[in-house]
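Biologist: Could you take a close look at one strand in the middle of this model for me, and then walk outward to whatever else catches your eye? Keep it chatty, but keep the numbers in.

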Amino acid sequence: MLNNTFSVAPMLDWTDRHQRYFMRLISHHALLYTEMVTTGAIIFGDRDRYLQFNDEEHPVSLQLGGSDVKHLAECTKIAEDYGYDEVNLNLGCPSNRVQNGSFGACMMAQPELVAECITAMKAAANMTVSAKTRIGIDDRDSFEELVHFVGTLHEAGCDDFVIHARKAILQGLSPKENRSIPPLKYDVVYKIKELFPQCHISLNGGVKTLAETREHLQQVDGVMMGREAYHNPYLLSEIDCLLYDDNHPLLTRHQLVESMFPYIEKEMAKGVRLQSIVRHMLGVFQGVNGTKAWKRFLSENAYKESSGIEVLQHALTLVSQGNAPQDEETSAG
Ligand SMILES: Cc1cc2nc3c(=O)[nH]c(=O)nc-3n(C[C@H](O)[C@H](O)[C@H](O)COP(=O)(O)O)c2cc1C
C-alpha cells in the first residue's frame with residue numbers, strides 16, 4: 001500500500017524523471033509526483049516522452065490534467081500499464097491555458113462532473129485515484145462548498161486528497177501569484193480531516209521545514225512539499241528516519257552528487273544533455289559554504305555541448321565537505 005505521509009508536489013517543468021531520480025536517492029520513501037500531463041498529450045502526443053520513467057523512481061504518482069471523462073479513464077488505464085503507483089487528478093491549477101481547456105481549478109465549480117471523472121478513472125484500472133485541490137475558487141470559497149466538493153468526490157470513490165491550503169483566483173492572478181497571494185488557511189484543511197476521518201488528507205502549501213511537517217502531521221495524514229523540496233532537496237534526507245522509521249545510512253551531499261554519476265552517464269549516452277539533469281541539482285548545497293560557487297560554475301558550464309561528469313567533479317571541489325554555516329550570499333538571500 002502506498003504510504004504518502006510525505007510527498008513532493010507535482011511541478012511543471014521541474015518534477016521530470018531526472019529530478020525524481022535525484023530525489024529518490026535522497027528519500028527512499030517520499031511519494032514523488034510527475035508534472036501535470038494533459039490527457040490530450042497522452043492520447044494524441046508522444047506518449048513515451050510524457051510517461052516513461054525509471055524503475056528506481058517508485059513510488060510515483062502520475063498527475064493528470066483533463067476533464068473529459070472518457071479520456072481520463074483511458075489515461076488511468078494507460079498509467080497502470082506504464083507501472084505508475086497512483087493517478088492524481090489536477091483540480092488546483094489556475095492558469096489561463098488550463099482554464100481554456102476547462103480543467104484544473106475551474107473544475108471545483110463542477111463537483112458532479114469531477115465525481116463522474118473519478119468514478120470512471122477508478123473503474124478503468126486497479127489503482128489509487130487521488131485528487132489535488134484548492135480550498136476554493138474565487139468567491140466559491142465557503143467551508144460548506146469545500147465540504148460539498150470533497151464529499152461528492154468521496155462518494156464517487158476518492159479517498160485520497162491533497163489540499164493546497166489557499167484558494168485560487170481564476171481571473172487576474174498568474175499561477176505564480178496564485179501560489180503566494182491568496183492566504184494560507186491550514187485550519188480549513190485540518191477541519192476537512194476532522195469531517196472526513198476515513199479519507200487520507202494531505203496538506204500542501206508553504207511548508208518549508210521538517211518541524212512544520214511534523215506539526216501538520218499531528219492534524220492530517222500527509223504533507224506535500226513543493227518549492228522548498230525543489231530548491232533545498234537535501235532537506236529531505238532526514239524524512240526516511242523521521243517519518244518512515246527507516247534508518248538507512250545517509251549520503252553526504254558530496255556522495256549524493258557522486259551517486260548521480262552512473263545515471264548521468266547512462267542518460268548522456270542516450271543523448272540527454274548534462275544541463276537537463278544538473279539543473280535539478282543546483283540546490284543540493286543550500287546552506288553550505290560554497291553553494292554560490294557550485295551554482296555559478298554549473299550555470300556557466302553544464303549547458304555546453306562538450307560538458308560531462310568532469311564539470312560536476314570540478315564543481316564539487318568548490319564546496320565545503322562539512323555542513324558549514326551558510327556563506328554570506330545565501331544567508332543574505
Ligand atoms: C514551477 C511550479 C510548477 C507547478 N506545477 C504544478 C502542476 O503541474 N500541478 C499541480 O497540481 N501543481 C503545480 N504546482 C503547484 C505545486 O504543486 C504546489 O501546490 C504549490 O507550489 C504549493 O506548494 P509549496 O508551497 O510547497 O510550493 C506548481 C508549482 C510550481 C512552483
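Modeller: Both faces of β4 are covered: Glu 86, Asn 88 and Asn 90 are buried on one side, and Val 87, Leu 89 and Leu 91 are buried on the other. That makes 6 of the 6 residues in β4 (residues 86–91) buried, so the rest of the structure largely encloses this strand. Bear in mind that this is a predicted model.

Now for the strand's partners. β3 (residues 60–65) runs parallel to β4, and 4 bridges join them. Within that pairing, Leu 64 has Leu 89 of β4 as its bridge partner. To get from β3 to β4 the chain passes through helix α4 (residues 69–82), and this β-α-β crossover is right-handed. β4 also pairs with β5, again in the parallel sense, over 6 bridges. Leu 89 turns up here too, standing opposite Ala 131 in β5. So follow Leu 89 if you want one residue to hold on to: its bridge partner in β3 is Leu 64, and Ala 131 is opposite it in β5.

β5 (128–134) is also a way into the largest pocket, since it is one of the elements that give two or more residues to the lining, along with β2 (31–38), α5 (96–100) and α10 (227–231). This pocket holds about 890 Å³ of space. Of its 33 lining residues, Pro 10, Met 11, Leu 12, Arg 179 and Arg 227 are the closest to the centre. The biggest contributor is α10, with 3 residues. By class, the lining splits into 12 nonpolar, 12 polar and 9 charged residues.

The second largest pocket comes in at about 430 Å³. It is lined by 18 residues, and the ones closest to its centre are Asp 16, Arg 17, Glu 35, Arg 49 and Tyr 50. At least two lining residues come from each of α1 (17–26), β2 and α3 (47–51), and β2 gives the most, with 5. The classes here are 6 nonpolar, 6 polar and 6 charged.

Two of those helices, α10 and α1, bring us to the rings. A pair of aromatic rings is described by the distance of the centres and the angle of the planes. The count for this model is 4 aromatic pairs. In one of them, the ring centres of Trp 14 and Tyr 230 are 4.4 Å apart with the planes at 20°, so the pair is stacked. Trp 14 sits in the loop between β1 (6–8) and α1, while Tyr 230 is in helix α10, so to speak a long-range contact: the two are 216 residues apart and link distant parts of the chain. The burial of the two partners is worth noting: Trp 14 counts as partly exposed at 26% relative accessibility, whereas Tyr 230 is buried, at 10% relative accessible area.

Another pair is made by Tyr 21 and Tyr 263, with ring centres 3.9 Å apart and planes at 15°, so this pair is stacked as well. Tyr 21 belongs to helix α1 and Tyr 263 to helix α13 (residues 261–269), so the pair ties together parts 242 residues apart in sequence. Here both partners, Tyr 21 and Tyr 263, are buried.

Conventions
Residues numbered from 1 in each chain as written. Predicted model: local features only at pLDDT ≥ 70, side-chain atom pairs only at ≥ 80, totals over all residues. Heavy atoms only, no water. 1 Å grid on protein atoms, 1.4 Å probe; cavity = no way out; pocket = protein on both sides within 12 Å on 5 of 7 lines; lining within 4 Å. Points joined across faces, edges and corners; volume = space filled by probe spheres on them. Nonpolar A, V, L, I, M, F, W, Y, C, P; charged D, E, K, R; others polar. Buried < 20%, exposed > 50% of the residue type's maximum accessible area, 1.4 Å probe, protein only. Pairing = 2+ DSSP bridges. Right-handed = clockwise from strand over helix to strand, strands pointing away. Phe/Tyr/Trp six-rings, centres within 6.5 Å; stacked < 30°, edge-to-face > 60°.
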